[in-house]
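Hi everyone, thanks for making time for this. Please have the sequence and the 3D view open while I talk, and follow along with your cursor.

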Amino acid sequence: MTVRGEQMLAHEDSRIQDRKLILWARFHPEFSRNVLIPEIEENSMQYHVAPQLVDNFRKCRNAENCLYFLHGYAYADIPAGQEYDLMMRINKGKIEEDSIMRCKAAVLCFFSEFRPQPIAYAWHGYHADCLIQFRDGIPDMIQELYEINQKKPIEIRQEICLCSDDTLKAIINSSPTANQ
């Protein structure tokens, strides 16, 4: 199947080690409330976003234990609703093993980065925005991410990875140093 003239790489068809979401920055809640959410609303109307995507956004835009994020380039198309079990720091592309922690998180919505509006999934090969809910409260590690509080270029200081147990095992097993 093709979308936007490109071959889709569905999440379930991707390599298991690629089924992760890398967070680059978090939006300050006040910036989200005063700038990002109104912009998403306006763009949704102006660009005639599918009603079910807009309804889903409106239903969860202010959900409890949620933050808006800028995520890194997706390795596969990631559907809204995707759930993750683990969180960890990434340093120069490598997992900081001492940072791995249990963290139940679900991506409630994805948004295009340019003229933000709800999209059904994160497109592989692209970075975008998303709204993530943390079932047991927002982990302290999230505070380490660059905080977006105005429209200006960001500085990626820390990357945080969300993934499943199976994805983490596959990442570790596919590492060149895994068998040493």
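Let me start with a pair of strands. Strand β3, residues 21-27, pairs with β4 in the antiparallel sense, and the two share 3 bridges. If you click on L23, you will find H71 of β4 standing opposite. One thing to keep in mind as you look: this is a predicted model.

Now stay with β4. On its pairing with strand β11, residues 128-134, we count 6 bridges, and the sense is antiparallel. A handy place to look is F69, whose bridge partner in β11 is C130.

So, are the residues of β4 buried or exposed? Strand β4 covers residues 66-71, and 6 of its 6 residues are buried, so the strand is largely enclosed by the rest of the structure. Try looking along the strand here. C66, Y68 and L70 point one way, while L67, F69 and H71 point the other way, and all of them are buried.

Next, let's move to a helix. Helix α2 runs over residues 51-60, and V54, F57 and C60 in it are buried. Why do they end up on the same side of α2? They cover an arc of only 145° around the axis, and that puts them on the same side. There is a general rule that helps here: an α-helix has 3.6 residues a turn, so residues three or four places apart point the same way. Turn to the other side of α2 and you meet P51, Q52 and K59, which are exposed.

What do the buried residues of α2 pack against? They pack against α1, β4, β8 (101-111), β9 (118-119) and β11. You have already met β4 and β11 as antiparallel partners.

Let's go on to helix α1, and pick out S32, which lies in this helix. S32 is buried, with a relative accessible area of 4%. Leaving aside its neighbours within four places in sequence, S32 is in contact with F27, I37, P38 and Y68. You may remember Y68 as one of the buried residues of β4.

F27 also brings us to a pocket. The second largest pocket has a volume of about 250 Å³. It is lined by 13 residues, and the closest to its centre are F27, E113, D129, I148 and K151. Which element gives the most to this lining? That is helix α1, residues 29-46, with 3 residues. Sorted by class, the lining has 7 nonpolar, 1 polar and 5 charged residues.

Now for strand β6, which has several partners to look at. With β8, β6 pairs in the antiparallel sense over 4 bridges, and E83 has A106 as its bridge partner in β8. With strand β13, residues 159-163, β6 pairs in the antiparallel sense over 5 bridges. Here you can look for M87, whose bridge partner in β13 is L162. Finally, 2 bridges join β6 to β7, and these strands also run antiparallel. In that pairing, N91 stands opposite K94.

Look at the hairpin that β6 and β7 make. It has 2 residues between the strands, and K92 takes a positive phi near 55° there. K92 is a residue other than glycine, and it is exposed, with a relative accessible area of 81%.

Where else can you see a positive phi in a residue other than glycine? Try R115, where phi is near 50°. R115 lies in the loop between β8 and β9. This residue is partly exposed, with a relative accessible area of 41%.

My last stop is M141, in the loop between β11 and β12 (146-148). Is M141 buried or exposed? M141 is buried, with a relative accessible area of 7%; the cut-off for buried is under 20%. Which residues is M141 in contact with, leaving aside its neighbours within four places in sequence? They are M87, M88, R89, S99, M101 and I160. Take M88: M141 and M88 are 53 residues apart along the chain, and their C-alpha atoms are separated by 8.4 Å. M87 is on that contact list too, and you saw it a moment ago with its partner L162 in β13.

That's my tour, and I'm happy to go back to any part of it.

Definitions and conventions: Residues numbered from 1 in each chain as written. Predicted model: local features only at pLDDT ≥ 70, side-chain atom pairs only at ≥ 80, totals over all residues. Heavy atoms only, no water. Buried < 20%, exposed > 50% of the residue type's maximum accessible area, 1.4 Å probe, protein only. Pairing = 2+ DSSP bridges. 1 Å grid on protein atoms, 1.4 Å probe; cavity = no way out; pocket = protein on both sides within 12 Å on 5 of 7 lines; lining within 4 Å. Points joined across faces, edges and corners; volume = space filled by probe spheres on them. Nonpolar A, V, L, I, M, F, W, Y, C, P; charged D, E, K, R; others polar. Arc of directions from axis to C-beta. Contact = heavy atoms within 4.5 Å.
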